[in-house]
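Me: Could you take a close look at one part of this structure for me, the place where two of its chains meet? I am in my first year, so please go through it step by step.

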Amino acid sequence: MSDDKNRDFEVVNRSVPRRDGRAKVSGRALYVSDVKLAGMAYAKVLRSPYAHARIVSMDTSKAEAQPGVYNVLRGDDLGGLNPYFGHAVKDHPLVAIDKVRYAGEPVAAVIAEDELTAYEALEFIHVEYEELPAVMEPQEALDPSAPLLHQRQFEAGALRGFEGEVTAGRGTNLCQEHHVKWGDVDEAFAKAAAVVEGEYYFPMAYAYAMEPYVAIAEVNDQGVTIYSSAQHPFMVRHDLKTIFDMPVSQIRLIVPFVGGGYGSKSYTKIEPLVSACAWKARRPVKLQLSVEEAMLTTRGDDALTWMRTAVDADGKIIARQANIYMNTGAYAENSPLVCEKSSNRCVGPYAIPNVRIDNHMVYTNTVPASSFRGFGCAQVTMAGESQIDELAAKIGMDPYEFRVHNAARPKQEFFPGMRPFDGTLTEDLKIVADNIGWKDPLPSGHGRSIGCSASDAGAYPLTSTAVRVHADGSASLMIGSTELGQGSHTVLPQIVAEELGVPFDLVRVVSSDTAITPYDRSTGASRTTTLMGRAVQEASREAMEQMVRMAADVLGVKESEIETVRGGITCGEARLTWSEVLTRYYRLPDGEVIGRAYIRKDGDFAQLPVFWEAASTGIEVSVDEETGKVTMEKLGTAGDVGLAINPALAEGQDIGAATTGMGIGMFEELEFDRNQLLNGNLLEYRLPRFSDMPRTVKLELVQNRDGVGPYGAKGGGEASLNSLPANIANAVYAATGARIRRAPLTPEKVWRAIRAARGENES
Amino acid sequence: MMPLRRFAIHRPADLGEAAEMLDHYGDTGTLYAGGTELLLAMRHDLLRYEHLIDIKAVAGLDSIEARDGHIHIGAGATHRTIERSPVVRELLPVMARMEAEVANVRVRAAGTLGGNLCFAEPHSDPATLLLALGGTARAQGKGGERTLAMDELLAGAYENSLSRDEVLTGVNVPVPGPTQRAAYLKFQVHERPLLGLALVLDLNEDGSEIRAARCAVGCVSPTPCRSEAAERLIAGPAAAAGERLQQAADTLADEAALTDDREGSAEYKRHLIGVLLRRAAGKCLDANE
Amino acid sequence: MSNAKPALVELRFELNGKDVAVECEPQQTLSEVLRNRLNLTGAKISCEVQVCGACTVLVDGLPVSSCTYLAYEARGRRVTSIEGLENADRTLHPIQQCFIDEFAFQCGFCTPGMILSAKALLDDNPEPTDDEIIHHMDGNLCRCTGYVPIVKAIRKAAAVMKEARG
């Protein structure tokens with residue numbers, strides 16, 4: 001892509017307004033919740049009151065007899081369907097079979113003519129349970145005497161995306177383990193000049209996609225058609241292929257606008273259940289969950305991390321070791337991959353010669369955990385970035401200087417075997433330090449912190465796309481990437497317009513219909529701009545190559561005599577726009593050319609990760625020492641994005657991610673009391689609000705064009721979350737002297753820590 | 001989506017008919033005003049009623065007026081109406097400020113004072129402030145009208161003491177005299193406050209002496225809690241109130257019988273009562289407030 | 001539980017400047033009537049506990065949570081949904097345009113509620129301070145934007161509307 005380095009951009013690297021703007025401000029943007037099909041029935045789900053129980057018997061006859069009820073779906077009557085799904089481990093029944101593994105698990109679904117009728121019929125279902133001992137904590141669950149959640153031995157899912165063995169179902173509650181090791185940590189710790197060691201907790205968090213899970217399914221002679229709020233329709237297609245034993249060509253996933261995802265809509269959720277309902281009822285069925293049901297469907301993995309980090313006499317980090325227990329809840333979902341990623345993400349963004357990470361992903365009788373923005377990185381960065389500040393304090397070094405001293409350098413292979421670092425952390429850190437006034441005097445009760453992270457991002461490189469250039473000079477972009485709000489429907493046509501030299505407004509996006517749009521593995525891991533962006537760029541260029549051949553044909557010249565210019569070609573005196581090339585080629589003002597691209601793990605993408613997603617963030621907080629209340633006063637971010645195709649959208653990702661990181665750092669946490677989720681609603685699960693936001697916010701993008709994406713772009717959208725919880729803990733320490741190692745830093749926790757710190761100082 | 005179960009809505013022409021309806025439907029019916037709490041509880045299946053009696057159909061229940069040294073606020077007045085009422089703003093600014101912070105702008109537009117008090121959610125802001133202000137409730141049933149002190153009306157968590165046929169028609173709040181100062185402070189982590197604290201001080205002419213005090217703490221016990229012993233402790237010279245306020249806070253915390261819950265530990269709540277009482281006193285004593 | 005369906009409510013109200021008449025069941029919410037009966041799906045359903053504001057519509061100019069506000073309450077009133085904000089010539093309301101200009105949304109699910117809540121604010125208080133914007137908007141949640149662009153959009157809309165008033 002060296003020829004791109006010096007070009008002047010016409011459309012990319014500009015904050016063009018969102019393509020979906022008008023639809024979204026006028027209430028016309030279509031989400032699955034807004035879709036109605038003719039003859040559609042509605043399903044409602046009966047959920048388990050027990051965290052762990054055997055289903056002794058179930059009587060659904062009264063519910064089935066209610067006026068307006070069509071059917072009741074139950075786990076012991078699924079005909080020929082293969083009821084287990086899971087892209088990593090096939091451990092998840094679409095509705096409980098024989099037993100339930102968490103309170104809130106679906107045990108039956110009523111299908112009726114309207115939602116109220118379905119809902120009213122639920123209380124006519126009688127289920128007899130035999131309660132089993134439940135286990136809620138990972139370390140308890142690994143005890144040999146702990147109740148076992150899964151008795152079956154599982155098949156590996158077909159689309160695992162990671163290299164680890166399946167340990168799930170092998171007679172323990174261990175779902176997955178992952179180990180990273182190089183150098184000799186024991187020797188390094190033995191000779192270290194200073195060591196810090198501690199245990200850190202990152203809470204269970206709820207992504208709160210505002211649109212709760214929703215899907216509509218229809219099963220007929222054509223196969224299975226599903227409208228879903230899924231982030232990764234092609235991955236869901238694969239799970240349904242197995243459930244219905246059909247070829248993928250007969251499974252159609254359609255995803256219109258999605259009301260937020262943040263990872264929580266990655267992979268398969270309610271689609272197997274709703275399609276089984278449609279199969280049973282022989283009519284289209286819609287299942288719209290409430291937020292409270294969504295909170296019983298997926299959460300983020302919590303993590304308890306023991307970590308120690310060592311420096312030598314020069315302040316260089318020489319070793320890090322961690323032992324991590326993560327909690328995937330009742331089913332594996334995507335946690336095996338989260339396990340691998342969080343292990344990897346313990347290291348970066350520092351170059352550490354001796355590393356040992358042992359990570360355990362464990363089944364418990366809690367709500368299943370899966371992807372959530374940050375994806376394992378936020379969990380361990382709570383520990384890692386806290387320890388950087390603790391070490392800096394111990395050796396008397398400024399924590400900013402200490403980070404700069406140790407940060408991975410550009411092109412450094414700081415993680416053996418992985419892609420050399422493709423960012424500029426020292427530059428990122430300096431920008432943030434300057435923007436939050438790192439050296440400025442602080443008012444009493446205020447504290448500052450700066451942090452950074454680097455994630456092996458981009459997921460697996462497998463993506464395809466088609467760019468159709470029409471005879472009138474307009475274009476259609478066929479993409480499997482879903483528009484979650486991140487702006488892919490704006491960024492990707494910007495690339496087409498840039499390449500073809502056609503106006504941005506003439507590029508239409510057709511997206512996320514597995515029957516129509518070419519395969520894209522997923523919309524997550526910050527991969528779309530990098531991977532789909534490259535595919536779109538290459539497909540545009542391939543279309544132009546075809547049009548050059550067409551131009552040679554209509555002009556009767558050799559291809560080599562034709563020169564491409566913006567929006568068309570020249571050949572001697574002749575100048576043709578793409579529209580003229582096509583019109584002359586087809587001899588009608590109609591027809592098209594289809595440019596294609598296929599991305600695989602090869603070439604620029606041969607080495608993983610696709611890119612390192614790096615960012616630096618900095619904050620200033622004030623602490624009300626009497627109440628323990630923390631207020632964020634300033635926020636600075638530097639997103640290391642290579643090149644922002646649309647800077648306003650990239651900055652929007654950074655502040656959005658940072659805000660979620662702030663929420664988890666300050667008040668977000670799903671809490672279980674024994675066997676039940678205690679705060680499974682928005683009255684009790686506290687999300688960031690307008691009034692929580694700092695009054696000073698400075699967002700910057702670092703654009704060194706050092707990524708493998710189009711024009712040197714890299715992804716963004718997660719990195720600014722990852723360091724925020726640790727930043728809050730570090731800033732509270734700076735303000736009060738109280739070190740807190742468990743997020744969130746709620747007022748009472750902060751008050752107690754301040755009191756304890758003062759007590760220690762007094763004694 | 002969580003649908004509401006089916007019910008019928010009835011519109012009484014006057015209080016007498018409302019009382020008749022309440023009596024007639026018994027446990028299957030209840031009064032309905034703004035619905036901001038009732039409908040949430042019904043949606044969560046915590047409450048089931050087949051009949052809602054729309055008390056807003058009775059004219060005149062939303063009036064606000066000053067009379068005989070009191071402000072009379074109709075039970076049907078919304079939080080927003082009270083917040084914006086010129087009468088309340090002038091004569092009882094502490095009430096207007098409290099109402100401006102209840103829940104959010106949508107709840108304030110629809111929710112009513114009467115509904116809030118009758119629903120008796122333990123985290124109610126108005127209940128705590130009205131208890132400290134010495135407000136009283138007016139109720140009317142088949143047997144006629146009666147007046148209840150605020151702590152008589154609030155019988156427990158989600159429980160009021162009105163009889164089956166009685167309707168809360170409004171509250172009477174004494175207009176604070178020229179020597180009285182009032183403050184309401186709350187501390188909030190989740191959607192509902194963790195702690196609300198209302199303080200009314202009666203000062204001498206130059207503000208150097210606290211002649212009497214009334215204070216109430218809310219959210220930390222089934223109903224807002226007052227302690228006369230605590231109030232007596234607060235009285236005394238304004239300049240040296242710190243120690244007395246701490247003792248008063250402890251006494252009030254004892255009276256409230258604090259417990260640990262998701263909002264916080266009893267120990268933390270006890271501490272916060274001290275902090276908020278001191279801050280409330282600071283506001284009352286600050287001549288600029 | 002009784003199987004007898006309670007009597008239907010005859011609803012007449014003004015919706016986005018036009019009179020509408022529709023029958024509904026007493027327990028049906030305003031959002032159900034707007035979304036299912038009148039096919040206006042701009043009001044979104046999210047938290048269902050009056051916390052998030054995604055379902056906000058204006059009734060007599062005041063914002064309410066249409067997911068928990070009975071349709072029955074709209075009798076004889078003036079209801080404004082997001083679909084009613086565009087001008088007759090299809091130009092956008094200044095608040096809508098400023099939300100686009102300032103990138104004040106991403107997934108868009110909170111946006112109709114945000115815009116209507118902002119409209120209620122600016123109709124009542126045409127020149128709010130940032131503190132007033134934040135206080136008024138604090139009951140509308142957004143998980144995407146971090147709110148800062150929304151405050152900017154409302155501030156800008158206030159300025160645009162002021163200029164239009166002359």
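Reply:

**Where chain B meets chain A**

Chain B and chain A bury about 2,600 Å² between them, and 47% of that area lies on carbon and sulfur atoms. On the side of chain B, the residues that lose the most area to chain A are B:Met1, B:Arg262 and B:Tyr268, which together account for 25% of what that side buries. Please keep in mind while reading that this is a predicted model, and that the values given here are computed from it.

If we turn from area to contacts, 26 residues of chain B are in contact with 28 residues of chain A. Charged side chains take part in this meeting of the two chains, for the count between chain B and chain A is 10 salt bridges. One that you can look up in the structure joins A:Glu626 to B:Arg279, where the closest N and O atoms are 2.8 Å apart. When polar contacts are counted across the interface of chain B and chain A, the rule finds 21 residue pairs, with both residues of each pair at pLDDT 80 or more.

It also helps to ask which elements of chain B supply this side. Those that give two or more residues to the side touching chain A are strand S11 (180–188) and helix H12 (266–285) of chain B. Of that side, the largest share comes from H12(B), which contributes 7 residues.

Methods:
Residues numbered from 1 in each chain as written. Chains lettered and ligands numbered in written order. Predicted model: local features only at pLDDT ≥ 70, side-chain atom pairs only at ≥ 80, totals over all residues. Heavy atoms only, no water. Contact = heavy atoms within 4.5 Å. Buried area = accessible area lost by both parts, 1.4 Å probe. Salt bridge = Lys/Arg side-chain N within 4 Å of Asp/Glu carboxyl O. Polar contact = N/O pair within 3.5 Å; in protein donor to acceptor, adjacent residues only side chain to side chain. Helix = DSSP H or I, 4+ residues; strand = E, 2+ residues; numbered from the N terminus.
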